[in-house]
Amino acid sequence: MISRITFAQINSGVYISDLDNVRHELKMTNNYMIHTIYEKDPARFIKTEGGFYDIKGSELKVSLEFNSNYEADSITTLEIPFALENDQLILGTTPRLVFNHVESIEQDLDGQWLFATRGPDEGQERRGDENPRKTLKYLQDNRFQWIAYNTETFKFHGTGGGSFSSENGTYIELIEFFSRDNSRVGASLEFQYELKKDDWHHTGNNSKGEPMYEIWARR
């Protein structure tokens, strides 16, 4: 039986459920969630979906911003039974997924970020929440994920993620899943970062070795 719990009992953070070789990774704030599924070895991306949620009794009601399977299932909303047992978050009934809350680790770049523009900052036009084409980057508890999507057409453009560190101006990503190319899993990428008010200036070389300068705005 799914117990009735309240919104205040759900802690923000990253939750993980490992079922043999399949990992379910859940990232949650107080009103937003991302659920990603992938195989670890050999690496294979399966799906990701995410959006804003409310709690009604013992259900999460999610209004999705993106769904990597949208072309196949056309799903834009979710109603997910849930419960909490100690520090575990349980989703669904059949099947029943049990997620463990990972250790909380605070770092400089924690939070949600939307791609704003290419740098340097010279007053050029910026993308924001009002623009349907979005690239979201979520960083928390040593885990990161970026997702590119369109909120009007529900077109999904790609995602990738894994673990990260951000310290003393150096940002490092270790890729653990990548929807566009499973062979990229295991790659480590190093960049430089600088925080300027609510902007993250992200510089270095991309995965192709080309110089890049991106500006991300805190969401």
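In this predicted model, strand S3 and strand S6 (77-85) each supply at least two residues to the lining of the second largest pocket. That pocket has a volume of about 190 Å³, while about 750 Å³ of space lies in the largest pocket. The points below take up the second largest pocket, one of its lining residues, His35, the strands that pair around S3 and S15, and then the largest pocket.

**The second largest pocket**

- The residues that line the second largest pocket are Met33, His35, Glu49, Leu78, Glu79, Ile80, Pro81, Leu91, Gly92, Pro95 and Leu97.
- S6 contributes the largest share of this lining, with 4 residues.
- Sorted by class, the lining of the second largest pocket consists of 7 nonpolar, 2 polar and 2 charged residues.

**His35 and its surroundings**

- His35 lies in strand S3, which covers residues 32-39, and it also belongs to the lining of the second largest pocket.
- His35 counts as buried because its relative accessibility is 12%, which falls under the 20% cut-off for that class.
- Apart from neighbours within four places in sequence, His35 is in contact with His24, Glu25, Leu26, Lys47, Thr48, Glu49, Leu97 and Phe99; Glu49 and Leu97 are also among the residues that line the second largest pocket.
- With one of these contacts, His24, the side chain of His35 makes a polar contact to the side chain at 2.9 Å.
- Tyr15 stands 20 residues from His35 along the chain, and the C-alpha atoms of the two are separated by 9.5 Å.

**Strands S3, S4 and S5**

- S3 runs antiparallel to strand S4 (residues 44-56), to which 8 bridges join it, and Tyr32 has Phe52 in S4 as its bridge partner.
- The connection between S3 and S4 is a hairpin that passes through 4 residues.
- S4 also pairs with strand S5 (residues 59-67), in the antiparallel sense and over 8 bridges, with Val62 in S5 as the bridge partner of Tyr53.
- S4 and S5 form a hairpin with 2 residues between the strands, in which Gly57 takes a positive phi near 65 degrees.

**Strands S14, S15 and S16**

- Strand S15 (residues 199-205) is largely enclosed by the rest of the structure, because 5 of its 7 residues are buried.
- S15 pairs with strand S14 (residues 188-196) in the antiparallel sense over 6 bridges, and His201 in S15 is the bridge partner of Glu194.
- The hairpin of S14 and S15 has 2 residues between the strands, and Lys197 in its turn has a positive phi of about 55 degrees.
- S15 is also joined by 7 bridges to strand S16 (residues 211-218), and the two run antiparallel; here Tyr213 in S16 is the bridge partner of Thr203.
- In the hairpin that S15 and S16 form, 5 residues lie between the strands, and Gly209 in the turn has a positive phi of about 85 degrees.

**The largest pocket**

- The largest pocket, with about 750 Å³ of space, is lined by 25 residues, of which Trp146, Arg180, Asn206, Ser207 and Glu214 are the closest to its centre.
- The elements that give two or more residues to this lining are strand S9 (111-118), strand S10 (133-140), strand S11 (143-150), strand S12 (156-167), strand S13 (170-178), S14 and S16.
- S13 gives the most to the lining of the largest pocket, with 4 residues.
- By class, 10 nonpolar, 6 polar and 9 charged residues make up the lining of the largest pocket.

Key. Residues are numbered from 1 along each chain as its sequence is written. This is a predicted model: local features need pLDDT of at least 70, side-chain atom pairs count only at pLDDT 80 or more; totals for chains, interfaces and linings use all residues. Side-chain values use heavy atoms; hydrogens and water are left out. Buried means under 20% relative accessible area, exposed over 50%, partly exposed in between (1.4 Å probe, protein chains only). Contact means heavy atoms within 4.5 Å. A polar contact is a pair of N or O atoms within 3.5 Å; within protein, one must be able to donate a hydrogen and the other to accept it, and residues adjacent in sequence count only if both atoms are side-chain atoms. Two strands pair if DSSP finds at least two bridges between them. On a 1 Å grid over the protein atoms alone, a cavity is a set of points where a 1.4 Å probe fits but cannot get out, and a pocket is an open set with protein on both sides within 12 Å along at least five of seven lines; lining residues have an atom within 4 Å of a point. Grid points are joined across faces, edges and corners, and a volume is the space filled by probe spheres set on the points. Ala, Val, Leu, Ile, Met, Phe, Trp, Tyr, Cys and Pro count as nonpolar, Asp, Glu, Lys and Arg as charged, and the others, Gly among them, as polar.
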